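Subject: Structure for your files

Hello,

Here is the structure I promised to pass on. Please look it over, and then read the notes below it.

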Amino acid sequence: MPRGLVVAGLDLALGGRPVLRGVGLAVAPGEVVALEGPSGAGKTSLLRAAAGLLPHRGTIRAGGGRPALVFQQHALAGRLSARDNVLVGALGRLGFWRPALGLWPAAERAAAEACLARVGLAGLGPRRAAHLSGGQRQRVAIARALLQRAQVLLADEPVASLDPQNAEAILALLRALAREEGLAILVSLHQPELARRFADRRLRIEEGQVWEG
């Protein structure tokens, strides 16, 4: 089975309104593909459908597992430490009852710290997410995705709320993860210049359909 992302014949409607029609795309391992398009075109809907969060028709294959999704606004628990937010990525393997009691296995704790180090946050595991900068919070969200051990990473406007310097740093990190970890990464962006600089290919979504940008 392909390790990258393959979407074929994807149809999606929200509230009875068609949003995506016959969408097809592919992202290879080690590749970063930018998804562009106007607001409301369906970028977020496509990513959420690919992540299994929205009902749809069509075929989605993601290396034999579920893709990891990085949200625009991080989706972190501010009162929890960076490490505990990353550990949420292991719930799919562990279930909920042991983590609910704070019984994270030592191996998963060590893996969470390693993921934080991988995204440039070594030593910040104990710090509360609420006390991190915007760029640091997005790195924690990426570390959480890494702990899921998915072969496909989806990122929904991950730099929309960041200043230019942090935006470039986050996209450079995603590109490095694709190259070095062999991840297939699909990232929605509304900044064409960043897409040109950091993506291997660009796709455009408009009127429910996707084509090469």
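**The cavity**

Searching the whole structure turns up one cavity of 30 Å³ or more. Please bear in mind that this is a predicted model. The largest cavity has a volume of about 40 Å³. Its lining consists of Val32, Leu171, Val187, Leu189, Phe198 and Ala199. By class, the lining of the largest cavity has six nonpolar residues, no polar ones and no charged ones.

**The six-stranded sheet**

One open sheet is built from six strands, in the order β5-β6-β7-β3-β8-β9, and its pairing is mixed. The edges are taken by β5 (68-70) and β9 (209-212); each has a single partner strand, so one side of each is left without a neighbour in the sheet. From one strand to the next, the twist averages 20 degrees.

At the β9 end, four bridges connect β8 (residues 201-206) with β9, and the two strands run antiparallel. Within that pair, Glu212 of β9 is the residue opposite Leu203.

Two helices that pack on this sheet are worth noting. Helix α1 (residues 43-50) touches β3 (32-36), β5, β6 (152-156), β7 (184-188), β8 and β9. The direction of α1 makes about 150 degrees with that of β6. Helix α6 (residues 134-147) also packs on the sheet, where it touches β5 and β6. The direction of α6 makes about 175 degrees with that of β5.

**More on helix α1**

How many of the eight residues of α1 are buried? Six of them are, and the helix is mostly covered. The buried residues are Lys43, Ser45, Leu46, Leu47, Ala49 and Ala50. After α1 comes Gly52, which has a positive phi, near 80 degrees.

**The three-stranded sheet**

There is also an open sheet of three strands, ordered β2-β1-β4 and paired antiparallel. Its edge strands are β2 (17-27) and β4 (57-62), each of which pairs on one side only. Here the twist averages 20 degrees from one strand to the next.

Strand β1 (residues 5-14) is joined to β4 by five bridges, with the two running antiparallel. In this pairing, Val6 faces Arg61 of β4. On the other pairing, β1 and β2 are antiparallel over seven bridges. Leu14 has Arg17, in β2, as its bridge partner.

Strands β1 and β2 form a hairpin with two residues between the strands. What sign does the phi of Gly15 take in that hairpin? The phi of Gly15 is positive, near 60 degrees.

As background to both sheets, strands of a sheet pair through backbone hydrogen bonds, and the pairing is either parallel or antiparallel.

If you open the model, two places to start are the lining of the largest cavity, including Phe198 and Leu171, and the hairpin of β1 and β2 with Gly15.

Regards

Note on methods:
Residues numbered from 1 in each chain as written. Predicted model: local features only at pLDDT ≥ 70, side-chain atom pairs only at ≥ 80, totals over all residues. Heavy atoms only, no water. Pairing = 2+ DSSP bridges. Axes fitted to C-alpha atoms, helices over the stretch in contact; angles between N-to-C directions. Contact = heavy atoms within 4.5 Å. 1 Å grid on protein atoms, 1.4 Å probe; cavity = no way out; pocket = protein on both sides within 12 Å on 5 of 7 lines; lining within 4 Å. Points joined across faces, edges and corners; volume = space filled by probe spheres on them. Nonpolar A, V, L, I, M, F, W, Y, C, P; charged D, E, K, R; others polar. Buried < 20%, exposed > 50% of the residue type's maximum accessible area, 1.4 Å probe, protein only.
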